[in-house]
Amino acid sequence: MRRRSLLAMGAAGGTAAVLGTGTSALAATSGVTADSRIWAKHDHDFDPTSLRALGSRIGMHIGSALIPQDIDTPSYAAIAASQFNVYTPGNEMKWQVVEPEPGVYDWTGADNLVHFAEQNGARVRGHTLLWHNQLPTWLTTGVANGSITTSQLWGLLEQHVFIEVGRYRGRIWQWDVANEFFLDANPSGIDPNNFWIQALGPTCIPKAYIWAHEADPGAILVYNDYNIAGEDGTNAKSDAVFAWAGQMLDQGVPLMAIGNQGHLDTQYGFSGQRFQADLERYTTLGLKVAITEADVRTFVNNATDQVPTDNLALFAQPFEFGQMIKAAIAVPECLSFTVWGFTDADSWVPGFFTGEGYATLYDVNLNPKPAYYELQQDLMESAGVRHHVRTRNG
Ligand code: G3I
């Protein structure tokens, strides 16, 4: 019944009527609770110098995006299990994958990842419910040719959120509900040309949070984007997301955390100080933060071997990883530090940035690189000096 009434309001497009007059206190309390599940394995079952074991000593989950081959290939799965205790599906929970045809669902990859996590005492970051990319063709085509009406699209979006979040209710720690809505521009703001904004208007974003919260009240609901913590030179995008997040909280939207992706490139430079300051600024709203897709790419000899062509990159790449994790460690509200794939062997980078690679913690032969040892060292040092242990995860 509740779903139907939300759908009706969604079709009408009235934000105020739906959102009520909640307060930002919701962000500080909802969903951010300890998970009482009895895990098959615990962090202390793993090598005490592993990233996950070290992170657990300071209350920080260390994660990686995983694609099916990371789970299916024993040598990859061994690293995923032993080093990381939160997993994000690289693609397997995206709408294109889970509903390739209208009403025809394929949960194979998503189920495998959740199962793998539970077997290994790891948590899951759900990714992502509302994004302009990797949508099923039947949906984008239907919207373009008018065979899916605006009112039907509201219904499809609501159904998508309820079905996917509901399927994994109680098993997903953080959900990236909305992803990459803001412009890379100065001034920034919600991109008016975004597929969802054009089709439904900006009200669809808060609606997705409301539906996701109803479908799984225990999940931490995240807004996820790139260049929103001091990486863009002007800070325009960070300013825009900060202002929007405040508005959402004022309207009672169950937004609980900001996920900064952390896709860096050594050619642009990077200020860890600004990164930390912007993470801290989100927390002044009562929000948690997370690093959700960290990697640091650089120019390489070829996509197969991925040897940096500039010797300085051998220092810059681990240095920038170190800057990111140091900032994350310094912010007690930072829930997790996740890398977007752990090995250059299956990183998304060479396929998207011509001539670049070497973006991850392990080389193409699964050997740990200096960036791995940088994170390990930073976690070791912080484990010895921090006092606010276990305040992050409730
Ligand atoms: O599955 C098809 C396969 O059947 C086909 O043969 C092949 C041919 O190119 O394509 C395969 O699909 C690819 C898919 O990844 C699965 O491998 C798509 O072409 C490719 O575009 C897609 O890339 C993904 C990208 O999002 C799409 O924008 C990357 O793997 C994924 O790592 C990346 O992740 C995003 C986050 O979700 C959001 N933040 C940025 C991040 C990096 O782009």
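A polar contact is a pair of N or O atoms within 3.5 Å. In the predicted model described here, a contact of this kind links the ligand to Asn-133, whose polar side-chain atom lies 3.1 Å from an oxygen atom of the ligand. Nitrogen atoms of the ligand are also approached: a polar side-chain atom of Glu-180 lies 2.7 Å from one ligand nitrogen atom, and a polar side-chain atom of Gln-261 is placed 3.3 Å from a nitrogen atom of the ligand. Taken alone, the ligand exposes 790 Å², and 50% of that area is buried by the protein. The surroundings of the ligand comprise 14 residues, of which Lys-94, His-127, Glu-180, Glu-293 and Trp-340 come nearest.

The protein chain as a whole contains 17 helices and 10 strands. It consists of 394 residues, and 57% of them count as buried. Among contacts between residues at least 6 apart in sequence, 79% join residues at least 24 apart. The accessible surface of the chain comes to about 15100 Å², with 54% belonging to carbon and sulfur atoms.

On this surface, a nonpolar patch is formed by Leu-312, Leu-314 and Phe-315, which together have about 340 Å² of accessible area. One of these residues, Leu-314, is found in helix H15, which spans residues 313–330. Leu-314 counts as partly exposed because its relative accessibility is 35%, a value in between the 20% limit for buried residues and the 50% limit for exposed ones.

Note on methods
Residues numbered from 1 in each chain as written. Predicted model: local features only at pLDDT ≥ 70, side-chain atom pairs only at ≥ 80, totals over all residues. Heavy atoms only, no water. Helix = DSSP H or I, 4+ residues; strand = E, 2+ residues; numbered from the N terminus. Buried < 20%, exposed > 50% of the residue type's maximum accessible area, 1.4 Å probe, protein only. Contact = heavy atoms within 4.5 Å. Areas by Shrake-Rupley, 256 points an atom, 1.4 Å probe, with all protein chains shown as cover. Patch = residues over 30% accessible without salt bridge, like charges linked within 9 Å, V, L, I, M, F, W, Y side chains within 5 Å. Salt bridge = Lys/Arg side-chain N within 4 Å of Asp/Glu carboxyl O. Near = heavy atom within 4 Å. Polar contact = N/O pair within 3.5 Å; in protein donor to acceptor, adjacent residues only side chain to side chain.
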